[in-house]
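Work through the following exercises with the coordinates open. Each task is followed by a solution in steps.

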Amino acid sequence: MKLIIDTDAGVDDAQAIMLALAQPGVEVLAITTLTGNVHIRQVNPNVLTILEIMQRAVPVYAGIDRPLISEWEDAAEFHGGDGLGNYRDRPALTRTIEDEHAVLALLRLSREYAGELTLIALGPLTNIAAAVRLDPEFPARIKQFVFMGGTIAAHGNTPIVTAEYNIWTDPEAAAITLDAFDDATMLSWETTLAHGFAWDKFNALCAIDTIAGRFFRAISQETAQRLRTIFHRPAYLLPDPLAMAITLRPDLVRQSGKFFTTVELNGAQTRGQTVIDYNHISGRPPNVNIIQALDTDGVYELFVNALSS
């Protein structure tokens with residue numbers, strides 16, 4: 001698999017990137033960055049830190065620093081002020097950001113590897129939408145497009161209570177992207193809520209005494225504490241790692257369905273909500289494969305392998 005990761009480099013992004021970097025047979029050709037969980041000026045060193053920890057050399061391209069139209073609001077409450085759970089033991093960076101802009105890199109790589117690329121978006125879809133607008137043929141050159149974002153039952157995690165953070169942050173970009181791709185795969189917020197790691201499994205991962213294992217533990221603790229004590233969640237949540245897992249291992253999907261999906265842009269109470277035509281009333285062709293259930297044990301095995309190596 002030839003993979004490009006588009007990321008806003010929060011805690012769960014880092015975990016997802018670690019899975020990809022450790023997976024045999026996966027070539028991560030590029031990581032593109034943008035503002036989302038934290039500002040891109042923090043996202044960039046976060047990605048370089050992950051590569052240092054994992055001892056991998058992957059080109060990193062900086063992208064767009066704000067949503068297309070919306071005012072940006074960070075998610076530092078969940079990811080820490082630095083986006084990595086206020087990670088204190090950062091190694092010295094020996095890697096640097098490439099000079100080429102992320103959107104131009106996406107277009108260039110899509111031409112060089114036409115029909116071969118898997119593209120996964122772990123943050124807002126701003127970079128992807130910009131690539132679509134610059135070159136409408138861009139989606140046709142992508143073999144597979146997966147994104148973490150959206151809601152499938154209006155159970156959101158933003159001030160717009162029906163909307164999920166990645167889509168809510170840049171609804172116009174999401175609408176442009178979903179309109180352009182006719183075969184995307186979506187891992188929603190509700191699927192995240194239903195497929196966490198029970199706390200004993202999370203604790204077992206935190207006990208893996210390797211460089212990667214210690215990094216996982218360090219960046220995860222603040223989020224885990226909030227989930228346990230403030231939100232009283234019965235499990236540790238894995239939004240981006242679940243999206244990455246079903247990208248790396250499609251056999252982990254247990255239930256899915258393809259439906260026409262778009263994004264509400266105007267509703268005062270619903271801006272940024274993903275709108276899904278479950279009953280095929282609109283007459284619009286299905287464009288998004290919505291993951292509804294997956295094998296969490298298989299995702300756990302991916303983590304064990306990634307953190308143990």
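The model used here is predicted.

**Exercise 1.** Classify Thr-126 as buried or exposed, and list its contacts beyond its sequence neighbours.

Solution.
- Step 1: The relative accessibility of Thr-126 is 2%. Buried means under 20%, so Thr-126 counts as buried.
- Step 2: Thr-126 belongs to helix α5, which covers residues 126-134.
- Step 3: With neighbours within four places in sequence left aside, Thr-126 contacts Leu-34, Ile-64, Arg-66, Pro-67, Leu-68, Asp-170 and Ala-173.

**Exercise 2.** Describe the packing of helix α9 against helix α12.

Solution.
- Step 1: Two packed helices are described by the angle between their axes and by the distance between the axes.
- Step 2: For α9 (residues 199-206) and α12 (residues 296-308), the angle is about 15° and the axes are 10 Å apart. Angles under 35 degrees count as roughly parallel, so α9 is roughly parallel to α12.
- Step 3: The crossing of α9 past α12 is right-handed.
- Step 4: On the α9 side, the residues that meet α12 are Lys-201, Ala-204 and Leu-205; on the α12 side they are Asp-297, Tyr-300, Phe-303, Val-304 and Leu-307. By class, this contact has 6 nonpolar, no polar and 2 charged residues.

**Exercise 3.** Find the salt bridge between α9 and α12, and state how exposed its partners are.

Solution.
- Step 1: Side chains of opposite charge can pair when their charged atoms come close.
- Step 2: Asp-297 and Lys-201 form a salt bridge, with the closest N and O atoms 2.6 Å apart. Asp-297 is in α12 and Lys-201 in α9, so the pair ties together parts 96 residues apart in sequence.
- Step 3: Asp-297 has a relative accessibility of 44% and therefore counts as partly exposed. Lys-201, at 27%, is also partly exposed.

**Exercise 4.** Set out two further salt bridges, Arg-141 with Asp-135 and Asp-179 with Arg-284, and place them in the overall count.

Solution.
- Step 1: The structure has 15 salt bridges.
- Step 2: Arg-141 and Asp-135 meet through their side chains at 2.8 Å, N to O. Both Arg-141 and Asp-135 are buried.
- Step 3: For Asp-179 and Arg-284 the N to O distance is 3.9 Å; the cut-off is 4 Å. Asp-179 lies in helix α7 (residues 171-180), and Arg-284 in the loop between β10 (274-277) and β11 (288-294), so this bridge ties together parts 105 residues apart in sequence.
- Step 4: Asp-179 has 59% relative accessibility and counts as exposed, whereas Arg-284, at 43%, counts as partly exposed.
- Step 5: A network of salt bridges links Glu-100, Arg-108 and Glu-112.

**Exercise 5.** Identify the buried residues of helix α4 and the elements they pack against.

Solution.
- Step 1: In α4 (residues 102-112), the buried residues are Ala-102, Val-103, Ala-105, Leu-106, Leu-107, Leu-109 and Ser-110.
- Step 2: These buried residues pack against β1 (2-7), β2 (27-33), β3 (60-62), β4 (117-121), α5 and β5 (142-148).

**Exercise 6.** Characterise the surroundings of Val-28.

Solution.
- Step 1: Val-28 is in strand β2, and with a relative accessible area of 7% it is buried.
- Step 2: Not counting residues up to four places away in sequence, Val-28 touches Leu-3, Ile-5, Ala-20, Leu-21 and Val-58.
- Step 3: The C-alpha atoms of Val-28 and Pro-59 are 8.9 Å apart in space, while the two residues are 31 residues apart in sequence.

Methods. Residues numbered from 1 in each chain as written. Predicted model: local features only at pLDDT ≥ 70, side-chain atom pairs only at ≥ 80, totals over all residues. Heavy atoms only, no water. Helix = DSSP H or I, 4+ residues; strand = E, 2+ residues; numbered from the N terminus. Buried < 20%, exposed > 50% of the residue type's maximum accessible area, 1.4 Å probe, protein only. Contact = heavy atoms within 4.5 Å. Axes fitted to C-alpha atoms, helices over the stretch in contact; angles between N-to-C directions. Parallel < 35°, antiparallel > 145°, perpendicular 65-115°, else oblique. Left-handed = near helix turned anticlockwise from the far one by under 90°. Nonpolar A, V, L, I, M, F, W, Y, C, P; charged D, E, K, R; others polar.
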